[in-house]
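Reader: I should like to examine this model through a series of short questions. Please show the sequence and the structure before we begin.

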Amino acid sequence: YAHTSGQRSVDLERKMSSTVQAATNCSGGSSGNKEADDTREEWEIRRDELKATGDGHFRSKAYQPAIQAYADALQLDPTNHIILSNKSAAHLANGEKSKALHDARKCVEHSDGKWSKGHTRLAAAMMSLGRYGEAADAYSTVLNELDPNNEVAKRGLEDCRKKEQQLREEKERELRKMQEVLDQQKNAEKEAQEEKETETKNDNSDEGEEDDLLDDFFSEVEKATEKPKPTKSTADNDSGEEPTNRIKTQMNDLGTSQSQIDRLLQVNYEWKNLNPFYVLDIPHTIDDDSIISARYRALSLLVHPDKCLDDPVRAKTAFEQVRKAMNQMNDVDKRKHVRALIDEGMKQGKRDWKEECSKSSNVHPDNKEGLAQAQSKATMKIFAEIEQKRREIERRKRKFEQRERAQEDDEKKKETDERRFHNEWREGERVDKRVGNWRDFQVDGKKKRTS
């Protein structure tokens, strides 16, 4: 009995000592965290440990291990917006912009859009992808709705505006350069026209007649598009001929429907028809809307599928080529650009022709047919090179978009798998068993300490 009484006294002293130590720790602030840890479940403790590991890797700039640690933590808690935010930052620091954007969007979604840091993460990912307008909207959301004094959002919004201003200035510089090129081309065109007029005066009478016929043709097309004035002189000069008959006359000068379809659908027509002036079969020096419109109507009537019942399939393709060319001509800026390219092709062709003439004694420099072919070839080459560059840019853009979609699909699949695993892990008997074992372990540990 004495021994039992002495043992109780020892136990009582130990309990009192533990109570005093706990009070001391509470006053120091360290015991509060331990008590909080005791209230968490096992998976929460493991989640926080993984997050702390990821934070440590991030601070030491080991971004890939940090991403893996955050991903493991998200397997336990897929909707934790803080871990999603940190994972987005790690992806961005690691150069994985699309993945950073994906995690930032999920962060904003799971924080109900009320966490300002989530929006700043989203804006940073947008900026890295060059989406400055969307990034500015995200920063504005923070300042206007969540935290008006947020310094990160203020600096970010200012950076977005600077980037947008830089883009506008670069675009303006490019437009100015293009305008300078167009002005130079215009002056060169004027000089070439004067030179052409001088050469025309020295041409033989046959060539002069052909030029006169071409000028008369376009004059007649222009007259056909003008509204007749109800004056006596006009009535006398009309001789009773209607404008419709004049259009038909110009259609006759274009030849037959079959000849035009063959011209528009010749070998490699996709490349030759990049030049809308070639498609409409008019000189590139013409810039009169009425003439261009009249030629388009006349050519459309010739190759329209309803007018070519013998070959409707090829006629439809030819008509689409004509319509595509007219769409380019209706855009004033595109028309100027096309004319500048043709002028450059004409100059390059002339240089190529002179070089060919200097290398071969059998080629005469005055052979105008050879010069025209060289200029046509050089012009076609310029249009083809631009089209190849455009297609390459489109190909790269599609490849980038496909890669971005694939990454998003992978992230969505991974998120679904993580959510399924998380639900199974938490709802199954395995969790109950683990949590029970953990609690038993804590109880046993306390018993051992008190014994």
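Reader: Is D103 buried or exposed, and at what relative accessible area?

Author: The model discussed here is predicted. The cut-off for a buried residue is under 20% relative accessible area. D103 falls under that limit and is therefore buried, with a relative accessible area of 0%.

Reader: Which side chain meets that of D103 in a salt bridge?

Author: Side chains of opposite charge can pair when their charged atoms come close. The salt bridge of D103 has an N to O distance of 3.0 Å. It links distant parts of the chain, 16 residues apart, with D103 in helix 6 and its partner in helix 5. The partner is buried at a relative accessible area of 5%, and its name is K87.

Reader: How many salt bridges does the structure hold?

Author: A pair counts when a side-chain nitrogen of Lys or Arg is within 4 Å of a carboxyl oxygen of Asp or Glu. The pair of R47 and D77 meets this condition, with its closest N and O atoms 2.8 Å apart. For the structure, the number of salt bridges is 25.

Reader: Where in the chain are R47 and D77, and how many residues apart are they?

Author: R47 and D77 form a salt bridge. The pair links distant parts of the chain, with R47 in helix 3 and D77 in the loop between helix 4 and helix 5 (81-93). R47 is buried at 13% relative accessibility, and D77 is buried at 11%. Along the chain, R47 and D77 are 30 residues apart.

Reader: Which residues are linked with R47 and D77 in a network of salt bridges?

Author: The salt bridge between R47 and D77 belongs to a network that has four members, R47 and D77 among them. The other members of this network are R40 and D48.

Reader: R131 and E404 meet in a salt bridge; how many residues apart are they?

Author: The N to O distance between the side chains of R131 and E404 is 3.6 Å. R131 is in the loop between helix 7 and helix 8 (132-146), whereas E404 is in helix 19. R131 is partly exposed, with a relative accessible area of 25%, while E404 is buried at 11%. The pair links distant parts of the chain, 273 residues apart.

Reader: What is the phi of K61, and where is this residue found?

Author: Most residues other than glycine have a negative phi. K61 is not a glycine, yet its phi is positive, at about 65 degrees. At 63% relative accessibility, K61 counts as exposed. K61 is found in the loop between helix 3 (42-59) and helix 4 (63-76).

Reader: What is the phi of D112?

Author: D112 is placed in the loop between helix 6 (97-110) and helix 7 (116-128). D112 counts as exposed, because its relative accessibility of 61% is over 50%. Although D112 is not a glycine, its phi is positive, at about 60 degrees.

Reader: Which residues form a negative surface patch?

Author: One member of the patch is E170, whose place is in helix 9 (residues 151-202). E170 is partly exposed, with a relative accessible area of 38%. The residues that form this negative surface patch are E169, E170, E172 and E174.

Reader: What separation is found between the C-alpha atoms of G370 and W353?

Author: G370 lies in helix 19 (residues 368-427) and counts as buried at 10% relative accessibility. G370 and W353 are 17 residues apart along the chain. Their C-alpha atoms are separated by 7.6 Å.

Conventions
Residues numbered from 1 in each chain as written. Predicted model: local features only at pLDDT ≥ 70, side-chain atom pairs only at ≥ 80, totals over all residues. Heavy atoms only, no water. Patch = residues over 30% accessible without salt bridge, like charges linked within 9 Å, V, L, I, M, F, W, Y side chains within 5 Å. Areas by Shrake-Rupley, 256 points an atom, 1.4 Å probe, with all protein chains shown as cover. Lys, Arg positive; Asp, Glu negative; His and termini not counted. Charge placed at Lys NZ, Arg CZ, Asp CG, Glu CD. Helix = DSSP H or I, 4+ residues; strand = E, 2+ residues; numbered from the N terminus. Buried < 20%, exposed > 50% of the residue type's maximum accessible area, 1.4 Å probe, protein only.
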